[in-house]
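Reader: I am new to this structure. Please pick one part and take me through it closely.

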Amino acid sequence: MTDIIKLTAAETAEKIASGELTAVEVTEAHLARIEAIDEKVHAFLHVDREGALAQARAVDEKRARGEKLGPLAGVPLALKDIFTTEGVPTTVGSKILEGWIPPYDATLTKRLKAADVVILGKTNMDEFAMGSSTENSAYGPTGNPWDLTKIPGGSGGGSSAALASFQAPLAIGTDTGGSIRQPAAVTGTVGVKPTYGAVSRYGMVAFSSSLDQGGPCARTVLDAALLHEVIAGHDPLDSTSIDAPVPPVVEAARNGSVAGMRVGVVKQFRGEGYQAGVIQRFDESVALLKELGAEIVELDCPSFDLALSAYYLIAPSECSSNLARFDGLRYGLRTGDDGTRSAEEVTSLTREEGFGPEVKRRIMLGTYALSSGYYDAYYGSAQKVRTLITRDFEKAFEQVDVIVSPTTPTTAFAIGERADDPMAMYLADLCTIPTNLAGNSAMSLPCGLAPEDNLPVGLQIIAPALRDDRLYKVGAAVEAAFVERWGHPLLEEAPSL
């Protein structure tokens, strides 16, 4: 089992295609791993054992018939519990959807199934994707496999923890303000936020519609690229979906190089609040890029300092609108419907019981920001700042091919450490939020361990919209150089659970 679960997704697919392993063997090994350790990690909210084995048997039958298999056929995956899955619970980490069984698959789910990717189950997350630690899940926190007393990032901590604890070689996350990249950074894995609109949002429960974006999570850059290619592409069911070819991400991941590229370093992405060990590893990464043949260009993007404030007006405003559909009348939890109460009272009681504190906080903040007399002062002003951030990125990409930064200012903090301090929690997304506001693509990959606490540090690479292939070209080069320097992938240093 240990040998199978330590394989990359690319290696696993190759062995299944050649007949060296069966998809059932691979799936059973990962299900056994989940059964052995997930009680401690709590990466999964629901494990679909029968469904996963049925998918795996179908792959083996295809191979036996001589049918051509896709590049990820038979490879197991952990799916963030924000995408609808027909016949399998989808809770979004909230009590308000506890026990809800969707009658349809999200487009992303359909594409995974069409590619014969084996879905093991649904992963834990901050409720409605609101959080940076997975502590806001109504079903309890997830532990970081490097240290179970630390957070695995958020909102997609379940997906990142599943990867880092070898419960799955692939995972899916969503990124509204950093919820793919920040969990990847603190668990020593790879996470990619594609260009906004590159991956369909149909069937993805909405938090902030102009920011939400699904994306691939993996343990290597190539594995992330293979998954990216499966899930991306135009979807007529999503009005924000981009009708454009998927960039050649797999080709870029197989041909990593930064020779002759211009790499930007933004001066706003360092300073007060950044852990010394994070800056040390980032500076080493910049030096490595220079060694590999890149030209380093310093950039000044003054509007980035306003990104956090703008985000925490735009995202709550959109969430207050999107979450209005959870009224206790159509689906999910219903409280107080005893025949004596009005529909309004039932809705109020349902939301009181079904939504957690962070969700209520953001709904109230967003409703206030959109209210009559305050709209222009708050939401309108935040959208103007968003335009300034987009312009700063446009100016920057006239000078450079990609931008690099730390993914998050600190390594993983202790579970409970910031639970009562929302502002401290929000600062975890300081480096990731500007990309969401502009709609660009970005990746986080491991760049070492911080000397103070021996916990993973992430390097963020940002590329222009629709140039996602640049992330993989640079990421693959950096990954190969670091693995050569360390002598092994970073995750081999993670404590065994």
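Author: First, a word on the labels. UniProt positions appear here in the numbering used for this structure, and such annotations may be inferred rather than shown by experiment. The model itself is predicted. UniProt, in an unreviewed entry, lists residues 25-471 as "domain: Amidase". That span is 38% helix and 14% strand. Its end C-alpha atoms are 33 Å apart.

Now the part to look at. The UniProt annotation "active site", again from an unreviewed entry, covers Lys80, Ser155 and Ser179. In sequence, these residues are spread over 100 residues. In space they cluster, with a largest C-alpha distance of 11.0 Å. Ser179 also belongs to the lining of the second largest cavity.

Start with Lys80. This residue sits in strand β2, residues 76-80. Is Lys80 buried or exposed? Lys80 has a relative accessible area of 0%, so it counts as buried. Leave out residues up to four places away in sequence, and Lys80 still has many partners. Both of the annotated serines are there: Lys80 touches Ser155 and Ser179. Lys80 also touches Lys122, Thr123, Met125 and Ala129. Further partners include Gly156, Ser159, Ile172, Gly173 and Thr174.

Move on to Ser155. Here the setting is a loop, between β3 (118-123) and α6 (157-164). Ser155 is buried too, because its relative accessible area is 0%. Beyond four places in sequence, Ser155 touches Lys80 and Ser179. The loop brings further contacts: among them are Asn124, Met125 and Asp126. Ala129, Met130, Gly131 and Thr134 also touch Ser155.

Look at the backbone at this point. The peptide bond from Gly154 to Ser155 is cis, with omega near 5°. For background, most peptide bonds are trans, and most residues other than glycine have a negative phi. The loop holds exceptions to the phi tendency as well. Ala129 is not a glycine, yet its phi is positive, about 65°. Ala129 lies in the loop between β3 and α6. At 5% relative accessibility, Ala129 counts as buried. Ala129 is a contact of Lys80 and a contact of Ser155.

Which other residue of this loop has a positive phi without being a glycine? Thr134 does, with phi near 65°. Thr134 is placed between β3 and α6. Its relative accessibility is 0%, so Thr134 is buried. Thr134 touches Ser155.

Next, the strands lead to a helix. The buried residues of α5 are covered by elements that include β2, β3, β4 (170-174) and α8. Recall that β2 is the strand that holds Lys80. In α5, the buried residues are Thr107, Leu108, Thr109 and Leu112. Just after this helix, Asp116 has a positive phi of about 65°.

How does α5 meet α8? The axes of α5 (residues 107-114) and α8 (residues 221-231) come within 8 Å and cross at roughly 115°. That crossing makes α5 roughly perpendicular to α8. On the α5 side, the contact is made by Leu108, Arg111 and Leu112. On the α8 side, Leu227, Val230 and Ile231 make the contact. By class, the contact residues divide into five nonpolar, no polar and one charged. A general point helps in reading such spacings. An α-helix has 3.6 residues a turn, so residues three or four places apart point the same way.

How many residues of α8 are buried? Ten of its eleven are, so α8 is mostly covered (buried means under 20% relative accessible area). The buried set includes Leu227, Val230 and Ile231. Val221, Leu222 and Asp223 are also in that set. Gly233 follows α8, with a positive phi near 125°.

To recap, return to the annotated residues. Lys80 lies in a strand, β2. Ser155 lies in a loop, and the bond leading from Gly154 into Ser155 is cis. Ser179 is in contact with Lys80 and with Ser155. The UniProt label that joins them comes from an unreviewed entry.

Methods: Residues numbered from 1 in each chain as written. Predicted model: local features only at pLDDT ≥ 70, side-chain atom pairs only at ≥ 80, totals over all residues. Heavy atoms only, no water. Axes fitted to C-alpha atoms, helices over the stretch in contact; angles between N-to-C directions. Helix = DSSP H or I, 4+ residues; strand = E, 2+ residues; numbered from the N terminus. Parallel < 35°, antiparallel > 145°, perpendicular 65-115°, else oblique. Contact = heavy atoms within 4.5 Å. Nonpolar A, V, L, I, M, F, W, Y, C, P; charged D, E, K, R; others polar. 1 Å grid on protein atoms, 1.4 Å probe; cavity = no way out; pocket = protein on both sides within 12 Å on 5 of 7 lines; lining within 4 Å. Buried < 20%, exposed > 50% of the residue type's maximum accessible area, 1.4 Å probe, protein only.
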